[in-house]
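Hi everyone, thanks for making time this morning. I'd like to walk you through a structure that may be new to you, so let's bring it up on the screen.

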Amino acid sequence: MTRRFDWPDLLFGLFLIAVSAGTFAATWRLAGGTAADMGPGYMPRAIALVIMGFGLFFAGRGVVRGTALGIERVQARPILGVCASVGAFALLVENGGLALASLACILIAGIASRETRFAQLVPFGVAIAAGSVLLFVKALSLPVPIWPW
Amino acid sequence: MELFDNLLLGLQTALQLNNLMYCLIGVVIGTAIGVLPGIGPIPTVALLLPFTFGLAPASSLIMLAGIFYGAQYGGSTTAILVNVPGETSSVVTCLDGHEMAKQGRAGPALAIAAISSFFAGTVATIIIVLLSLPLASLALKFTAVEYFSLMVLGLFAAVILAHGSVSKSLAMVFLGLLIGVVGIDVNSGAARMTFGVPELADGLDFVPVAMGLFGLAEIIANLERPEVRQVVSQKLRDLIPSLRDLKAAFPAMVRGTFIGSALGVLPGGGAALPPFTAYALEKKLAKDPSRFGKGAIEGVAAPEAANNAGAQTSFIPLLTLGIPANALMALMIGALMMQGIQPGPQVMTEQPALVWGVIASMWTGNLMLLIINLPLVGVWVSMLKIPYRLLFPAIVLFCCIGTYGISNSVFNVWLMLGCALVGYFFIKVGVEPAPLLLGLVLGPQLEENFRRAMQLSDGDPSVFITRPISAVLLGVVVLLLAAMLSPAILRTRKRALAE
């Protein structure tokens, strides 16, 4: 790479620009109205305009400012593990029941860490899943099935 | 005396058996999460919110408040014994507290921390009582114009006083405001930015947003770092500090309390600023500043007092004006709204038992904390032996169940996952997510008041500076911004926050 960028600033700026552009795209049908009688589109677009300003500012500063600032390397394992774990819970909770969803959530979350010992995590997961069912369904009466059947 | 009537009413509420129990539950949970590094009060309060729905409003607020100030106590235990701050507020306590522990004086350090916290908590409760009435009666005169200006001031002050880059935090506030307008527009009934998703019609729930940004994103980031945790293992026998220790600590305690109380009221003052300021002041006042960092007892007493006092007085803007001083108070507003109570100055007159009950419960809660923390300190230390590799899957699960539970919607779980990814991105680019939460919670109110103000004034924005109270409030905003741009203040702020 020939040029050095302040990556955190640049990425944050680009993120803001994307959000702002997305807002304009999503609200262009809504009536803006006038300041005295605002339509539903007035505030979102006004805020999006400000965000666009911030985005351009950060992105510009990230490019212009010569200081090279990197970002700590992204590790795939924690992200994928936690995402898969939450996803499993979301997919299982209503059809598979809380007991199954909890156990799956804990075991899959274990993948996220290199230090996980599954011999330890399995009994721990069973205990926590049982505890969650007792606490949330029995004691706090969360309306959710416990078992898949 | 109206004041005593109020206090009496508050004590009546706080001393009801079930409220005492919820207070105890709150402070115990608070201490536990305070002791454990890696989980803070924000995800915990967010997690418990859905389950406070069935409680009486006073009970639920008493419990959630207990979690917040309980966490301040617990955080210092970890700071002293492990040299890892259990919470951001106890970063400073590490400096001298851990030194004391290394010198074999862990007992007195823990005791002084707990006593300072208790003292500060008691004084702060009285300050809340004294300030609440005049502030609330002032706020009753407010119209939409003043409210809008007040919220603007609150948001700006929160951004400027909190740590992190001011411009980035401001951008985060606007992001929060933007996602706050998602949903059906109240005035026209038009769906805004819902992308055809029916679950978004009522707007984004802030619980999944908070849990994703604060809970899950933190976990992902924590897992990238190897775990370091070393407990100072020594017998905690001499818990009672000597008279000499007490004498040395007392003036520091008093100063810390007042600094904490003053800074806590300011929006954004919350938990991080008071202990730093108190520590810096003690160092400046000391005859021999070189003792600091080497186990000076004042260096434990002052910041501990300050952070507890600050944690409590940050309830003042919430209870009197309905404006959150920090992200946690924003969650408290959410708790109120879930109970069908619109936060604002009218709460004080309409729900006196609730407001005064919560205030009085802070005192009973502090008393409980003193007992929970001193004789039982061994229990909390043993909690530190739970390895993070077991802790984090459980936290992930609780986040899932809590988010699902808020309205039995799987959509919220997916939303939380999305927010976790965004939150992880924020951590990577070094942006604080707390201002976003403030913007999200205040967004709808801000828009409502702005629209109403503009309707009243026929679209003339000068109304915000022709009304005196509003003009003063906005003037303060301008002053704050101008001050931020001056290089001298910029430097001291950087130093104060970095120290």
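I'll start with chain A as a whole, then turn to its helices, and finish with its contact with chain B. Please keep in mind that this is a predicted model.

So, what does chain A contain? It has five helices and zero strands, and along the sequence the pattern reads α-α-α-α-α. Its C-alpha atoms fill a box of roughly 55 × 50 × 20 Å along the principal axes. The radius of gyration is 24 Å, whereas a compact globule of 149 residues would come out near 15 Å. As for burial, 37% of the 149 residues of chain A count as buried. And if we take the contacts in chain A with a separation of 6 or more, 64% of them join residues 24 or more positions apart.

Now to helix 3 of chain A, residues 76–96. Its 21 residues reach 28 Å from the first C-alpha to the last, close to the expected 30 Å. Which of its residues are buried? Among them are A:Pro78, A:Ile79, A:Gly81, A:Val82, A:Phe89 and A:Val93. What covers the buried residues of this helix includes helix 4 of chain A, and also helix 9, helix 18 and helix 19 of chain B. Just after helix 3 comes A:Gly97, with a positive phi near 90 degrees.

Next, a pair of helices. In general, two packed helices are described by the angle between their axes and the distance between those axes. For helix 4 and helix 5 of chain A, the axes come within 9 Å and cross at roughly 145 degrees, and the crossing is right-handed. On the helix 4 side, the contact includes A:Leu98, A:Ser102 and A:Ile106, while helix 5 brings residues including A:Phe118, A:Gly125 and A:Ala129. By class, the residues of this contact are 12 nonpolar, four polar and no charged.

Finally, let's look at where the two chains meet. How many residues does each chain give? There are 55 from chain A and 48 from chain B. On the chain B side, the elements giving two or more residues are helix 8, helix 9, helix 18, helix 19 and helix 20. The largest share of that side, 11 residues, comes from helix 18 of chain B. Sorted by class, the chain B side has 33 nonpolar, six polar and nine charged residues.

To tie two threads together: helix 18 of chain B, which we just met, is also one of the elements over the buried residues of helix 3 of chain A. Thanks for listening!

Conventions:
Residues numbered from 1 in each chain as written. Chains lettered and ligands numbered in written order. Predicted model: local features only at pLDDT ≥ 70, side-chain atom pairs only at ≥ 80, totals over all residues. Helix = DSSP H or I, 4+ residues; strand = E, 2+ residues; numbered from the N terminus. Expected span 1.5 Å × (residues − 1). Buried ≥ 20, exposed ≤ 12 C-beta atoms within 10 Å, placed from the backbone. Contact = placed C-beta atoms within 7 Å. Nonpolar A, V, L, I, M, F, W, Y, C, P; charged D, E, K, R; others polar. Rg over C-alpha atoms; globule rule 2.2 N^0.38 Å. Axes fitted to C-alpha atoms, helices over the stretch in contact; angles between N-to-C directions. Left-handed = near helix turned anticlockwise from the far one by under 90°.
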